[in-house]
Amino acid sequence: MYPRVILKGTLIKKSQQKRRTSPSNYKERFFVLDTQDLTYSERRPGKKPVQKGSIELARIKCVEIVCSDIPIPCSNKYPFQVFHDSYYLYIFAPDNDCRQRWVRALKEETKCNRLAVKYHPNFWMDGRWRCCHQTEKLAAGCHEYDPMGFASKKPLPKTPDPERRLSNPDLGKVVVVAIQNYIPHDASDLTLKKDQEYVLTDSSHPEWWAVQDDRGNTGFVPNIYIAEKSGSNFNRFVWYNKNITRARAEELLMQEGKEGAFMVRDSRQLGVYTVSVYTKAPGSNGEKNPRVKHYQIKDTEIEPFRFYLAEKYLFSTIPELIQYHQHNAAGLITRLRHPVTLGKDSSQNSFDVSQGEWEVEPAELVLGEELGSGEFGMVLQGTWRDRKVAVKMLREGAMSEEDFKEEAMVVTKLSHPKLVQLYGVCTQHSPICLVFEFMEHGCLSDYLRATRGHLSPDTLLGMCLDISEGMAYLESSNFIHRDLAARNCLVSKDNEVKVSDFGMARFVLDDQYTSSQGSKFPVKWSSPEVIKYSKFSSKSDVWSFGVLMWEVYSEGRLPYESRSNAEVVESLNAGLRLLKPRQTPSAVHQLMEWCWKEKPEDRPSFAVLLHELASLSDL
Ligand code: ADP
């Protein structure tokens, strides 16, 4: 079969300097991209074109724009790079649209290659990389390569008018931190480097915010790639009390009197914050003495600044730090369980069964046939206030009921079309029942097996997209699922997939389920830091989501098949990962692998996953 031409045009190419001594030069060449090669030739009026070079597409490891900080010494000012074999070819396009067309087409054609994991965003020049200052030309890249950065045919969210920058003068002081690298998609965008700080200058667009870097460059970035750093905007968090003294904090927390009641307040030292937390844990003398402990939030003092309360657990932003310690004591006397806010009726923080809207009247509940049974007991179909519901009847001793009652208020308040809604709980009689939205097609893992071979690629992608939407909402609510898997998702009558059982793992009493050594612990869905240190976070949910995408694309197969938990842990430690299920598009597989990065901070957030999956679904 003859190769099909995809793109052609005149561009400027910089010599590849295969010999160290050859001088740099820039030549106009006629480039042709076909389904096999990228070829360039010299065309002179009246003469036959002479082919000057050709790169087999299969040899290409990376194609990306070059973010240059130097004047470009030729008439075309929009550079991009093609890394193949051990050479970097720099090509210059006359405008950004043209560059985008070439980069997108080349990425599309090479996306199934053995690609570089990292690349250099800036030029190799004068014997060093301008981005990372390494002096070895073949040194590994310093930026994560995103092979799909341009592959999406979905237009990115509309870019606002660059003239509108600095439209909000109040924003001048808001400092944000990049939580992911971001490579500009066009000239009005700005490069983001993970963990680096930027000043927010315009947040009026729903998706694209303008930020300024430390060199004064301003540009747009997707707002899901940044997080607020400064305390000036902590007001929206229930745990923050701006003007409160140490003594008043102690008074309020003692009044609350609940283990783990906490608040974040300004320290006497300007710009420093303190976490105050109430505990009844025995002191060093072994006596139980209710008291309030104060922990100052420290930073690492060297750039990039990271925050911590107990050494070892470092975070780019204070909200991330608090979120982490809401789920993990990790060096504190207790985990931060109940946020307490000045001026707010403290009963709002507790679960008051007698008045709660989440209390379901037993008389209003009609129970029907059994739907199945799970960790907590039987699940029955039912009706409540004219709607079909699923009712979980809690088996005695299966759940830590007191803790759950406190949490039920939080869970009933979580509401999103891609989460299975908890309508309420019925605690007046034993057994306690939980009343959920009814999902006709039952759990996702059974559904995938039952429909194996009949689901289209669009349906499979749509399922992942549904789940990522629900999870992005949980992530933005600072809520960790802890047991995300196909068995904990349910399918509606319209084949919509919703996330269920979020946070419930915390209330299971069976140690076989809760201890990472236990036979029921979901090791195959757990990230390394959960297996090793029970360190749960939204990023450990992201790992599980990678496994869940794998379950979707393998149509309900059990991950790691018949291998034991110990064998799975051993192969994860050796850096091995689940293999790509046969029908997975490579772009989706790359997302799975991204979710399975060893370090939690190297994994994408759900907001980013949602964005990426949405782009793929529009292809
Ligand atoms: P547990 O959380 O106690 O482990 P599950 O959530 O796994 O229990 O529920 C057991 C079974 O009950 C599921 O496999 C599913 O078939 C059915 N089920 C659970 N919740 C619902 C619901 N909201 N709608 C319809 N069926 C449900």
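**Note on the ligand site and two sheets**

1. A polar side-chain atom of Asp-501 lies 3.1 Å from an oxygen atom of the ligand, a polar contact in the sense of a pair of N or O atoms within 3.5 Å. The model is a predicted one, in which local features need pLDDT of at least 70 and side-chain atom pairs count only at pLDDT 80 or more, while totals for chains, interfaces and linings use all residues. Residues are numbered from 1 along each chain as its sequence is written, and side-chain values use heavy atoms, with hydrogens and water left out.

2. Two further polar contacts involve an oxygen atom of the ligand: in one, an N or O atom in the side chain of Lys-392 is 2.7 Å away, and in the other, a polar backbone atom of Phe-376 is at 2.9 Å. The ligand on its own has 540 Å² of accessible area (Shrake-Rupley method, 1.4 Å probe), of which the protein covers 87%.

3. Which residues come nearest to the ligand? Among the 15 residues around it (a heavy atom within 4 Å), these are Glu-375, Phe-376, Lys-392, Glu-437 and Met-439. By class, the shell around the ligand has nine nonpolar, two polar and four charged residues, where Asp, Glu, Lys and Arg count as charged and Gly is among the polar ones.

4. The shell around the ligand can also be traced to strands, taken here as DSSP runs of E with at least two residues, numbered from the N terminus. Strand 24 (365–374), strand 26 (387–393) and strand 28 (433–437) each supply at least two residues of this shell, and strand 24, with three residues, gives the largest share. In terms of domains, whose bounds come from an automatic or database assignment, at least three residues of the shell are drawn from each of domain 4 (356–437) and domain 5 (443–617).

5. Strands 24, 26 and 28 belong to an open sheet of five strands with antiparallel pairing, in the order 24-25-26-28-27, where pairing requires that DSSP finds at least two bridges between two strands. Strand 24 and strand 27 (422–426) are its edge strands, since each of them pairs on one side only. Neighbouring strands of this sheet are turned by 25 degrees against each other on average, direction ignored, with axes fitted to C-alpha atoms and angles running from 0 to 180 degrees. Strand 24 and strand 25 (residues 377–384) run antiparallel and are joined by seven bridges, and Ser-373 has Met-378 in strand 25 as its bridge partner.

6. A further open sheet consists of seven strands with antiparallel pairing, in the order 4-3-2-1-7-6-5. Strand 4 (50–56) and strand 5 (60–65) form its edges, each pairing on one side only, and its neighbouring strands are turned on average by 30 degrees against each other, direction ignored.

7. Within this seven-stranded sheet, strand 1 and strand 2 (residues 26–34) run antiparallel and are joined by nine bridges, with Leu-7 opposite Leu-33 in strand 2. Strand 1 (residues 5–14) also pairs with strand 7 (residues 87–93) in the antiparallel sense, over two bridges. In strand 7, Phe-92 stands opposite Ile-12, and Ile-91 is the bridge partner of Lys-13.

Conventions
A polar contact is a pair of N or O atoms within 3.5 Å; within protein, one must be able to donate a hydrogen and the other to accept it, and residues adjacent in sequence count only if both atoms are side-chain atoms. Helices (H or I, at least four residues) and strands (E, at least two) are DSSP runs, numbered from the N terminus.
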